[in-house]
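Student: I am new to this structure and would be grateful for a close look at a single part of it. Please set that part in the context of the whole chain.

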Amino acid sequence: MGVDMEYIPFYKTALGFGGKGLTYKSVGKDFSKQLKEAKVVLNRTQSKNRRLMAASILEALDKNVVNSLNVEQLCSSKVRTLLTLFMK
């Protein structure tokens, strides 16, 4: 299909803001360029808290996120999911 894909981890990583601009690194690799160039991100992190944090960061960086923060917040709670479905 011609879709370029890059892996950007959200486990044991550090997001930095400073004199060098935005940096995003793990212990062994710098993912700053991949994060900067990404237009659409599929949020598929295993941990619920990491998914919420990833969505928050990516949306703050103005990325288009599949499984957005609103979706993650709604789906992380069975009560919120049921209430939303019931109210529709």
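Student: Against which strands and helices do the buried residues of H2 pack?

Tutor: The model is a predicted one, and a short view of the whole chain will help to place the helix. The chain holds 4 helices and 4 strands, and from the N terminus on these elements follow the order β-β-α-β-α-β-α-α. Its C-alpha trace spans about 45 × 30 × 20 Å along the principal axes. Of the 88 residues, 26% count as buried. Among contacts with a separation of 6 or more, 34% join residues 24 or more positions apart.

As to confidence, the average pLDDT of the chain is 87, and 99% of the residues score at least 70. Among the elements, S4 has the highest mean pLDDT, at 92, and helix H4 (residues 78-87) has the lowest, at 84.

The helix in question, H2, covers residues 48-60. Its length can be checked by simple reasoning: at 1.5 Å a residue, its 13 residues should span 18 Å, and the C-alpha atoms at its ends are indeed 18 Å apart, so the two values agree.

The buried residues of H2 are Arg51, Ala54, Ala55, Ile57 and Leu58. The spacing of such positions can be read against a general rule. An α-helix has 3.6 residues a turn, so residues three or four places apart point the same way. Arg51, Ala54 and Leu58 are among the buried residues of the helix.

The answer to your question is that these buried residues pack against three strands and two helices, namely strand S1 (13-18), helix H1 (32-37), strand S3 (40-42), strand S4 (64-66) and helix H3 (69-75).

Arginine 51 deserves particular attention, being one of the buried residues of H2. Its side chain reaches the backbone oxygen of threonine 45 at 3.2 Å. With neighbours within four places in sequence left aside, arginine 51 is in contact with Asn43, Thr45, Gln46 and Glu72.

Threonine 45, the partner in that polar contact, is placed in the loop between S3 and H2. Threonine 45 counts as buried because its relative accessibility is 15%, which falls below the 20% cut-off. Apart from neighbours within four places in sequence, threonine 45 is in contact with Phe10, Arg50, Arg51 and Ala54. Of these partners, Arg51 and Ala54 are among the buried residues of H2.

The two ends of the helix may be taken in turn. At its start, a side-chain oxygen of serine 47 comes to within 3.3 Å of the backbone nitrogen of asparagine 49. Just after the helix, aspartate 62 takes a positive phi of about 65 degrees. Most residues other than glycine have a negative phi. Aspartate 62 has its positive value although it is a residue other than glycine. The place of aspartate 62 is the loop between H2 and S4, and aspartate 62 counts as exposed because its relative accessibility is 69%, above the 50% cut-off.

A positive phi is found at another position as well: lysine 12, which is not a glycine, has a phi of about 55 degrees. Lysine 12 is placed in the segment before S1 and is exposed, with a relative accessible area of 61%.

Helix H3, one of the elements packed against the buried residues of H2, contains cysteine 75. Cysteine 75 is exposed, with a relative accessible area of 54%. The C-alpha atom of cysteine 75 is 9.7 Å from that of lysine 48, although the two residues are 27 residues apart along the chain.

Finally, H2 also takes part in a pocket. The largest pocket has a volume of about 740 Å³. The elements that give two or more residues to its lining are H1, S3 and H2. In total, 24 residues line this pocket, and those nearest its centre are Glu6, Ile8, Val40, Val41 and Leu42.

Conventions. Residues numbered from 1 in each chain as written. Predicted model: local features only at pLDDT ≥ 70, side-chain atom pairs only at ≥ 80, totals over all residues. Heavy atoms only, no water. Polar contact = N/O pair within 3.5 Å; in protein donor to acceptor, adjacent residues only side chain to side chain. Contact = heavy atoms within 4.5 Å. Expected span 1.5 Å × (residues − 1). Buried < 20%, exposed > 50% of the residue type's maximum accessible area, 1.4 Å probe, protein only. pLDDT = per-residue confidence, 0-100. 1 Å grid on protein atoms, 1.4 Å probe; cavity = no way out; pocket = protein on both sides within 12 Å on 5 of 7 lines; lining within 4 Å. Points joined across faces, edges and corners; volume = space filled by probe spheres on them.
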